[in-house]
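Let's take a walk through this structure together, one region after another. Please keep the sequence and the 3D view at hand as we go.

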Amino acid sequence: MKKFNPVLKVKNIATGQSIRLIEKTIAKTAEAGNFLTNIADVFLFMTRVTKEAFSRNFEFKEFLRQCFQVGYKSLPLISVTGVIMGLVLTIQARPALLSFGAVSMLPGMVAVSLIREMGPVITALICAGKIGSGMGAELGSMKVSEQIDAMEVSSTNPIKFLIVTRVLAATLMIPLLVLYADALGILGCWAGANIKGEVTFVLFFSQAFSSIEFIDFIPALVKTFFFGAVIGFVGCYKGYTAGRGTESVGIAANSAVVLSSLLVIIVDLIAVQITDML
Amino acid sequence: MISTQTAPCASTEKVNLKEVIEINNLRKGFGSEDVLINVSLNLYSGENLVVLGKSGSGKSVLIKCIVRLLEPDDGTINVLGENVSALDHRSLGELRKKIGFLFQSGALYDSMTVKQNLEFPLRRIKKNLNQKEINEKVKEVLENVGLSDALNKMPSQLSGGMRKRISLARTLVVDPMIMLYDEPTTGLDPVTSNEISLLINEVKRKYKTSSIIITHDIECARTSADRIIMLLDGEVYQEGELEKFEKSDDPSIKSFFK
């Protein structure tokens with residue numbers, strides 16, 4: 001019968017723990033390596049897209065088609081969201097203002113909050129969901145069905161044709177959608193104000209616009225260009241670098257929405273900090 | 001329309017022995033797994049070369065390396081006298097204009113009609129054509145593949161065989177010198193497969209192309225091959241004319257040609 005050796009037992013446990021520690025270290029190192037490789041890939045992709053954006057033979061027809069897809073086809077969703085945004089803000093804020101006897105400040109307050117923050121961020125988040133996922137899924141399925149390869153072998157630069165046009169369309173269309181959502185939000189606010197009380201259209205808008213200054217408007221508009229660029233770029237990157245299986249299309253669409261939404265919030269935070277310093 | 005009723009025996013035609021593709025010691029791997037190991041082959045002018053092999057033997061990887069959709073790990077690929085790996089982006093684009101690639105899935109652009117699919121490469125490669133000439137060219141290739149009435153259809157409205165034909169028309173519209181067919185008959189019924197195989201012969205005859213046909217469909221090989229190369233586990237296992245393969249006693253070859 002084998003004799004129990006406590007020293008050997010302890011040694012075995014210690015060896016097992018060391019091996020597990022080494023394995024964990026290797027796994028974590030590989031993870032960190034993959035993370036850094038991914039970051040490098042993103043920068044390389046950004047560099048390529050930027051370079052192609054400024055090269056000759058711009059795909060203007062495809063750019064217009066993408067503007068139509070991104071801008072015009074998002075109008076119904078943005079319209080509903082814009083009106084509801086203004087309506088909800090009014091319904092929520094009115095009782096609080098009423099208790100201070102400051103209901104007359106309602107149009108100005110809602111207009112400022114819509115133009116400075118709510119309009120840009122909520123519209124950008126809605127666009128991240130609709131446009132970002134659409135781009136991720138479309139380019140992902142083009143990759144899976146070899147359409148991007150087909151484009152490449154027929155001497156068409158897919159970065160220029162597919163990516164540059166989409167990123168530029170998102171960068172230019174999302175600010176316009178934000179302005180549209182702001183306008184509808186203020187209209188929704190007027191509708192909300194009339195549900196509980198009564199205020200004329202002219203009075204409401206004169207109160208709303210007297211509260212808005214140039215400084216409210218410009219930084220909010222500038223940041224929407226960055227929101228658009230982020231949404232377009234992330235959607236395209238995730239779709240273009242999707243794997244070969246059909247599962248990767250879903251993953252590309254999903255990660256495009258998650259990452260672009262997160263980046264919109266981060267860009268907003270940075271923009272607010274910069275605006276605060278002005 | 002190109003007739004698909006002509007004699008299927010492509011090997012009876014005389015082959016000009018000028019090399020259009022020359023591959024030497026090509027090696028390509030993914031991770032730790034080697035997919036192609038020291039593959040060497042030549043494609044001669046006016047020839048239909050069939051590359052046979054089981055799924056996963058590296059056939060598709062081979063032709064993707066030829067157009068540099070995949071970068072080889074080692075070895076050289078010369079296409080029309082140019083070393084593909086050494087070409088810059090612009091020169092590679094110019095070379096690709098001379099090569100037609102029929103993808104396994106057809107790879108038609110989903111968001112475009114058949115007409116737009118055919119116009120897409122034409123407008124980019126043959127930039128000097130006006131709209132009338134483009135329309136005539138599109139009409140001509142659609143007639144050649146027997147699908148003139150599909151002009152305004154979307155790819156989603158086409159059957160598998162029609163998608164393959166339209167995809168073939170899209171590659172032919174720019175008059176390529178070399179055709180690369182990736183599994184042209186996969187997923188098609190035997191009748192349609194035979195039509196596609198005959199079409200490959202007619203494309204060779206009418207457009208004077210040299211072709212590499214990747215397939216595991218033995219009937220397609222019988223119909224279209226001037227010469228056959230068999231890949232096994234990423235290596236060239238056997239090379240020769242159809243007859244040599246038909247008469248072989250090698251179990252790996254017999255399993256294909258039974």
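In this predicted model, the contact between the two chains draws on ten residues from chain A and 14 residues from chain B. On the side of chain A that touches chain B, two residues are nonpolar, five are polar and three are charged.

Let's now turn to chain B by itself. Its secondary structure comes to nine helices and ten strands. The radius of gyration of chain B is 18 Å, close to the 18 Å that the globule rule gives for 258 residues, so chain B is as compact as a globular protein of that length. Along the principal axes, its C-alpha atoms fill a box of roughly 55 × 40 × 35 Å. Of the 258 residues, 43% count as buried. Sequence separation adds to the picture: among contacts in chain B between residues at least 6 apart in sequence, 70% join residues at least 24 apart.

A good place to look inside is strand 3 of chain B, residues 48–53, where six of the six residues are buried. In a regular strand the side chains alternate between the two faces of the sheet. Here, B:Asn48, B:Val50 and B:Leu52 point one way, while B:Leu49, B:Val51 and B:Gly53 point the other way, and all are buried.

Which strands pair with strand 3 of chain B? One is strand 8 of chain B (residues 210–215), which runs parallel to strand 3 and is joined to it by five bridges; within this pairing, B:Leu49 has B:Ile212 as its bridge partner. Another is strand 9 of chain B (residues 227–232), also paired with strand 3 in the parallel sense over five bridges. Along that pairing, B:Val51 is matched with its bridge partner B:Ile229, and B:Gly53 stands opposite B:Leu231.

Strand 9 of chain B is itself mostly covered, with five of its six residues buried. It pairs in the antiparallel sense with strand 10 of chain B (residues 235–240), over five bridges, and there B:Leu231 stands opposite B:Val236. Strands 9 and 10 of chain B form a hairpin with two residues between them, and B:Asp233 in the turn has a positive phi of about 50°.

Elsewhere in chain B, an open sheet of four strands has the order 2-1-4-5, with antiparallel pairing. Its edge strands are strand 2 (33–44) and strand 5 (82–83), each of which pairs on one side only. Eight bridges join strand 2 to strand 1 (residues 19–30) of chain B, and one residue pair to look up is B:Ile23 with its bridge partner B:Leu41 in strand 2.

Let's finish with helix 4 of chain B, residues 131–144. This helix has 14 residues and reaches 20 Å from its first C-alpha to its last, close to the 20 Å expected at 1.5 Å a residue. Which of its residues are buried? They are B:Val138, B:Val141, B:Leu142 and B:Asn144. These residues lie on the same side of helix 4 of chain B because they cover an arc of only 160° around the axis. They pack against helix 3 (114–125) and helix 5 (160–172) of chain B. The face turned away from that buried side carries the exposed residues B:Lys132, B:Glu133 and B:Glu136. Just after helix 4 of chain B, B:Gly146 takes a positive phi of about 75°.

Methods
Residues numbered from 1 in each chain as written. Chains lettered and ligands numbered in written order. Predicted model: local features only at pLDDT ≥ 70, side-chain atom pairs only at ≥ 80, totals over all residues. Contact = placed C-beta atoms within 7 Å. Nonpolar A, V, L, I, M, F, W, Y, C, P; charged D, E, K, R; others polar. Expected span 1.5 Å × (residues − 1). Buried ≥ 20, exposed ≤ 12 C-beta atoms within 10 Å, placed from the backbone. Arc of directions from axis to C-beta. Pairing = 2+ DSSP bridges. Rg over C-alpha atoms; globule rule 2.2 N^0.38 Å.
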